[in-house]
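Biologist: I have a chain open here and would like to go through it with you. Can you pull it up?

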Amino acid sequence: MATKKIDLKAFRIKSGRNRKKYTTFLKGLHSRKVKQLTAKAKKLNDLAFKKIDCLACGNCCKTMTPTWQPADIKRVAAYFKMTVQQFKDKWLYKDEAGDWMNTKTPCQFLQKDNKCSIYEIRPKDCSGFPHLQHTDFLIGREVNIPNMTSCPITYEVVERMYKLVVEKDATVLND
Ligand code: SF4
Ligand code: SF4
């Protein structure tokens, strides 16, 4: 059975409305000295991945670009029997920081069913996204702040963490 698509317009409205509140919360989280913060974050991460199906979303591939490392470019170019230069010329540009990024969004490898046509050899940045599995949640929150308005899984983790820490609602760890 096909997964029901996530309503990304409704997600953008909800996450935009709460962006400021959750950004302030994440920035001040270190001063709250939450016990076992990273273990709790891991639990919330697992719950979010169980609840939200990336194939029903695809928003990262639709609206963001991965950072292509040299090894990624070499691997994927070889798959298409292209040289590194041909691959760069066709799909990438170098940003101000010197990183290789997609020229266009949605990503050229995203299919209509939200699957990645190069899934097995996709860039490392893609396979690690949304980068929630940090050994220290306080370090990881640096990427959660920009990602929570683009990625429903990140938003879910941040929202539940807010309920847990600020509203003292421990039930968010259970379902
Ligand atoms: S390479 Fe695949 S996983 Fe990465 S952004 Fe493109 S479609 Fe998404
Ligand atoms: S990682 Fe986040 S933005 Fe990307 S498809 Fe999954 S839920 Fe959507």
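Modeller: Of the contacts in the chain with a separation of 6 or more, 68% are between residues 24 or more positions apart. Keep in mind that this is a predicted model.

Biologist: What share of the residues is buried?

Modeller: Buried residues are 23% of the chain, which has 175 residues.

Biologist: And what does the C-alpha trace span along its principal axes?

Modeller: About 55 × 40 × 25 Å.

Biologist: How many helices and strands are there?

Modeller: The chain has 8 helices and 3 strands. Read from the N terminus, the order is α-α-α-β-α-α-β-β-α-α-α.

Biologist: Which stretches make up the domains?

Modeller: Domain 1 takes in 38–51 + 129–168, and domain 2 is 67–128. Taken over C-alpha atoms, the centres of domain 1 and domain 2 are 26 Å apart.

Biologist: Now the helices. At what angle do α4 and α5 pack?

Modeller: Helix α4, residues 70–79, packs against helix α5, residues 84–91, at about 95°, and their axes are 9 Å apart.

Biologist: Why is α4 called roughly perpendicular to α5?

Modeller: Because angles from 65 to 115 degrees count as roughly perpendicular, α4 is roughly perpendicular to α5.

Biologist: Which residues meet there?

Modeller: From α4 there are Ile73, Lys74, Val76 and Ala77, and from α5 there are Val84, Gln86, Phe87 and Lys88. By class, the contact of α4 with α5 has 5 nonpolar, 1 polar and 2 charged residues.

Biologist: Different topic: the ligands. Which residues are around ligand 1?

Modeller: Four cysteines are written in that shell: Cys61, Cys107, Cys116 and Cys126. The others are Pro66, Phe109, Leu110, Ile118, Arg122 and Pro123.

Biologist: How does that shell divide into nonpolar, polar and charged?

Modeller: The shell around ligand 1 has 9 nonpolar residues, no polar ones and 1 charged.

Biologist: And which residues are around ligand 2?

Modeller: Cys54, Cys57, Cys60 and Cys151 are among them. The shell around ligand 2 also includes Ile52, Gly58, Asn59, Phe129, Pro130, Ser150, Pro152 and Ile153.

Biologist: Which helices supply at least two residues of that shell each?

Modeller: Helix α3, at 59–63, and helix α8, at 152–165, each supply at least two residues of the shell around ligand 2.

Biologist: What about the classes for ligand 2?

Modeller: Around ligand 2 there are 9 nonpolar and 3 polar residues, with no charged ones.

Methods:
Residues are numbered from 1 along each chain as its sequence is written. Chains are lettered from A and ligands numbered from 1 in the order in which they are written. This is a predicted model: local features need pLDDT of at least 70, side-chain atom pairs count only at pLDDT 80 or more; totals for chains, interfaces and linings use all residues. A residue is near a molecule or strand if its C-beta atom, placed from the backbone, lies within 6 Å of it. Ala, Val, Leu, Ile, Met, Phe, Trp, Tyr, Cys and Pro count as nonpolar, Asp, Glu, Lys and Arg as charged, and the others, Gly among them, as polar. Axes are lines fitted to C-alpha atoms, for helices over the stretch in contact, and angles run from 0 to 180 degrees between N-to-C directions. Helices (H or I, at least four residues) and strands (E, at least two) are DSSP runs, numbered from the N terminus. Angles under 35 degrees count as roughly parallel, over 145 as roughly antiparallel, 65 to 115 as roughly perpendicular and the rest as oblique. Two residues are in contact if their C-beta atoms, placed from the backbone, lie within 7 Å. A residue is buried if 20 or more other C-beta atoms lie within 10 Å of its own, exposed if 12 or fewer, and partly exposed in between; C-beta atoms are placed from the backbone. Domain bounds come from an automatic or database domain assignment.
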